[in-house]
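Trainee: I should be grateful for a close look at one part of this structure, namely the surroundings of the ligand. Please also take in the enclosed spaces within the protein.

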Amino acid sequence: MSAVDQPRPLLLAGEWVVGEGVPLEVINPADGTLYGVASTASTAQAEAAVSAGVAAMARGDWAERLPHERAAVLHRVADRIRERAETLAQIQVSENGKTFKESLGQVLSAAATFRYYAAVCETLEDELPPPRGRYLSMTAYEPVGVVIAITPWNSPLTMGAQKLAPALAAGNAVVLKPAEWTSLVSLEMGRACVDAGLPPGLLSVLPGRGDLGQALVDDRRIGMVSFTGGTATGKAIARAAAERLLPVVLELGGKSPNIVLHDADLDAAAAGVADGIFAAGGQSCVAGSRLLVDQRVYEPFLDRLLKRAASLRVGHPEAEDTDIGPLAAFAHRETVERYVEIGRREGARVLFGGSRPTGDVFDRGAYYLPTVLTDLEPTATVCREEIFGPVLAVLPFVSDEDLIAAANATDYGLACGIWTADFPRAWRLARAIKAGTVWVNTYKQLSIAAPFGGFKDSGLGREKGIQGLRAYQETKSVYWGLE
Ligand code: NDP
């Protein structure tokens with residue numbers, strides 16, 4: 001048996017051990033070859049990971065370290081990530097087909113996330129609310145305990161860092177359950193954390209299937225669940241958590257509108273709209289998958305957009321000139337294809353793409369062309385449901401009233417883009433559209449310092465920013481009588 005077939009160990013309470021669950025094969029979506037095998041955790045190992053977290057919290061050897069001491073460890077995690085940047089990027093490319101360029105950017109961003117939360121950890125203060133009598137009151141923040149972090153496959157490094165860094169900075173223990181398709185890169189991020197000197201028992205990274213995630217959520221000893229993934233899974237977790245009043249942060253799906261007003265810079269907008277949906281093959285929660293374009297500029301804008309779509313190079317994710325790699329898995333490509341077929345049945349005209357590219361590497365990998373669909377009713381399935389692929393549904397609008405109604409006509413509320421030269425109008429629209437993030441004359445710009453999350457079915461709570469650390473803490477007020 002070659003090394004590639006050997007199940008890789010998982011990280012259980014800071015130790016590398018072989019998982020006792022059924023191993024997971026990781027198939028490279030660029031060419032269909034076996035990239036590696038992840039061993040998975042058994043239920044007993046999941047329980048052991050939570051027990052180790054509980055014990056580490058009871059010892060207090062992390063939560064009671066001074067903030068600048070915790071921050072020093074988080075800085076070292078960032079160092080370890082940067083030292084292994086190329087390896088981490090390469091693993092992600094081989095697991096989910098993201099281009100090497102994007103993956104490397106995400107590795108560096110993950111390191112920056114650990115640095116940001118190191119800084120927040122070191123500088124964030126408890127509070128002294130003004131007294132209303134002869135007493136002093138203090139508001140202190142305490143860790144929630146063992147955090148279960150569950151991540152999806154599209155951006156495992158970004159999502160992993162966005163959970164691990166603030167949860168650890170806040171003084172918690174963490175058990176990370178990555179998505180099946182991206183187990184190995186998540187384990188490597190765990191390695192960076194352990195090598196940086198986290199106390200034993202504080203962190204586990206347990207690959208496994210959905211039932212492992214559920215077993216971790218169902219463990220009565222945990223303090224919180226931080227989940228990023230699909231809305232159906234998020235709601236199942238919320239139901240389990242509700243019964244125990246367990247805190248949750250849920251970052252879920254989206255069907256975000258990208259809006260082009262008549263006075264927009266059409267070239268800039270075409271670039272932003274194309275990038276917003278086709279980058280990463282549309283496998284992004286904030287993908288701008290609905291284009292709402294002013295009827296007055298419909299033809300000239302589509303003309304520019306189609307030229308832009310045609311200029312994007314679909315190809316092997318490691319090739320330097322590739323803009324769009326394969327979809328993350330063959331099964332996922334079938335889902336995307338099913339949606340495009342539904343769109344066709346619902347009357348869509350396919351202006352671009354709508355099929356697999358063919359020949360050479362395309363025949364071996366899970367590739368799909370950027371796709372533009374028009375002539376749809378706003379109620380069509382492909383205008384309402386998240387496809388999570390490079391598929392753009394185009395809808396014209398006439399008035400702001402119609403536009404706002406159309407923008408809000410999905411169950412989701414994650415993000416929105418507005419392209420215009422009219423800033424007062426952009427502000428009015430930004431306030432009227434139900435979305436956790438609104439971009440004006442840009443798209444997919446993300447800062448670790450800005451809170452991120454969704455309205456409606458796109459989630460609950462916020463990650464990132466200072467709120468993103470506070471989400472992993474309990475708030476306690478202590479009163480001191482002065483007479
Ligand atoms: P899923 O909801 O299918 O899975 C997410 C994670 O949950 C995986 O680790 C999965 O494991 C695990 N899981 C599955 N079932 C359960 C369960 N019953 N209890 C606990 N955990 C479970 O989402 P995908 O991985 O398919 O990711 C795509 C989705 O993620 C899209 O909807 C996308 O919009 C959303 N997303 C949201 C983001 C945001 O910030 N709002 C960012 C990125 C993605 P397994 O892999 O074994 O199924």
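Mentor: The account below begins with the ligand site and then turns to the cavities. The model is a predicted one, and the description should be read in that light.

The place of the ligand in the overall fold comes first. Domain 1 (3–252 + 458–479) and domain 2 (257–447) both contribute residues to the shell around the ligand, so the ligand lies between these two domains. That shell comprises 29 residues, of which Lys177, Glu180, Thr233, Leu252 and Glu386 come nearest to the ligand. By class, the shell holds 13 nonpolar, eleven polar and five charged residues.

Several elements of secondary structure take part. At least two residues of the shell are supplied by each of α7 (210–218), β10 (224–228) and α8 (231–244). Among the contributors, α7 gives the largest share, with three residues.

Individual polar contacts can now be considered. Glu386, already named among the nearest residues, places a polar side-chain atom 2.5 Å from an oxygen atom of the ligand. The backbone also takes part: a backbone N or O atom of Thr151 is found 2.9 Å from a ligand oxygen atom, and a polar backbone atom of Gly208 is 3.5 Å from an oxygen atom of the ligand. As for cover, the ligand taken alone exposes 910 Å², and the protein buries 86% of that area.

The enclosed spaces follow. Across the whole structure, a search finds three cavities of 30 Å³ or more. The largest cavity contains about 80 Å³ of space. Its lining consists of 15 residues, and those closest to the cavity centre are Asn96, Gly97, Lys98, Ala280 and Gln283. Five residues of this lining are nonpolar, seven are polar and three are charged. Why is the largest cavity placed between domain 1 and domain 2? Residues of domain 1 (3–252 + 458–479) and of domain 2 (257–447) both enter the lining, so the largest cavity lies between them.

The second largest cavity has a volume of about 60 Å³. It is lined by 13 residues, with Ala287, Ser289, Glu386, Ile387 and Phe388 closest to its centre. This lining divides into six nonpolar, five polar and two charged residues. Glu386 therefore deserves attention in both parts of the description: this residue is listed among those nearest to the ligand, and Glu386 is also among the residues closest to the centre of the second largest cavity.

How values were computed:
Residues are numbered from 1 along each chain as its sequence is written. This is a predicted model: local features need pLDDT of at least 70, side-chain atom pairs count only at pLDDT 80 or more; totals for chains, interfaces and linings use all residues. Side-chain values use heavy atoms; hydrogens and water are left out. A residue is near a molecule or strand if one of its heavy atoms lies within 4 Å of it. A polar contact is a pair of N or O atoms within 3.5 Å; within protein, one must be able to donate a hydrogen and the other to accept it, and residues adjacent in sequence count only if both atoms are side-chain atoms. Accessible areas come from the Shrake-Rupley method with a 1.4 Å probe; for residues, only the protein chains shown count as cover. Helices (H or I, at least four residues) and strands (E, at least two) are DSSP runs, numbered from the N terminus. Ala, Val, Leu, Ile, Met, Phe, Trp, Tyr, Cys and Pro count as nonpolar, Asp, Glu, Lys and Arg as charged, and the others, Gly among them, as polar. Domain bounds come from an automatic or database domain assignment. On a 1 Å grid over the protein atoms alone, a cavity is a set of points where a 1.4 Å probe fits but cannot get out, and a pocket is an open set with protein on both sides within 12 Å along at least five of seven lines; lining residues have an atom within 4 Å of a point. Grid points are joined across faces, edges and corners, and a volume is the space filled by probe spheres set on the points.
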